[in-house]
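Dear colleague,

Please find below the structure I am handing over to you. My findings follow directly after it.

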Amino acid sequence: MKEVEKDIPLTKEDIEKIKNILKTMKFYDFKINRHYWIEGIKDWPRHGVELEKIKNIFNKTELITMAFKRNSEKGFCYTLHYKLTEFSYIKICYFFDKEPIEIFNAILIDRNLDKAVLEKYQINLNE
């Protein structure tokens, strides 16, 4: 069994590479991982984020302010933080190393992204 790592912040260069990938994609290019759904039942998202929301936001790369990767048993899971408002953001988790690219999860968070990242990772997004 692989050891699961903690979140590793991506460099600005890596974030730009990911943004360039997302800009060229259409929503139907992605596979939705079974984990996205509670017990694999479609139309019952695990964290309440409907696919329509993901469809409308995944390639709005200007909203991505932070990104992390984590080694899991299924490969690297990339979590992109999309800042929606001052007090809400959405985390979308992707498997970029799979073909087709998979959307693993999405979580809507009602909290200030800058403050959350500073507290958890000691990273100031405003620098």
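F30 is buried in this predicted model, with a relative accessible area of 8%. F27 is likewise buried, since its relative accessible area of 18% lies under the 20% cut-off. The count of aromatic pairs comes to 9. One of them joins F27 to F30: the ring centres are 6.4 Å apart and the planes meet at 55°, which makes the pair tilted. Y36 and W37 form an edge-to-face pair, because their planes stand at 75°, over the 60 degrees required; the centres of these two rings are 5.1 Å apart. Y36 is buried at 2% relative accessibility, and W37 is buried at 6%.

F27 and F30 also belong to one aromatic cluster, together with F58, F76, Y78, Y94 and F96.

Two lysines lie over aromatic rings. K69 is placed over the face of F76, at 4.4 Å from the ring centre. K98 is placed over the face of F95, where the distance to the ring centre is 5.3 Å.

You may also wish to know about the cysteines. How many disulfides does the model contain? The count comes to 0. Why is C77 not bonded to C93? The closest cysteine sulfur to that of C77 is the one in C93, and the distance of 4.5 Å is too far for a bond, because a disulfide requires the sulfur atoms to be within 2.5 Å. C93 is accordingly in no disulfide, with the sulfur of C77 as its nearest cysteine sulfur. As to accessibility, C77 is buried at a relative accessible area of 10%, and C93 is buried at 9%.

Finally, some remarks on the strands. Strand β1, residues 8-9, runs antiparallel to strand β3, residues 64-72, and 2 bridges join them. Within this pairing, I8 stands opposite K69 of β3; K69 is also the residue that lies over the face of F76. Strand β4 covers residues 75-85 and pairs with β3 in the antiparallel sense over 8 bridges. Here F68 has T79 in β4 as its bridge partner. The connection from β3 to β4 is a hairpin through 2 residues.

With kind regards

Key:
Residues numbered from 1 in each chain as written. Predicted model: local features only at pLDDT ≥ 70, side-chain atom pairs only at ≥ 80, totals over all residues. Heavy atoms only, no water. Phe/Tyr/Trp six-rings, centres within 6.5 Å; stacked < 30°, edge-to-face > 60°. Buried < 20%, exposed > 50% of the residue type's maximum accessible area, 1.4 Å probe, protein only. Lys NZ or Arg CZ within 6 Å of the ring centre and 35° of its normal. Pairing = 2+ DSSP bridges. Helix = DSSP H or I, 4+ residues; strand = E, 2+ residues; numbered from the N terminus.
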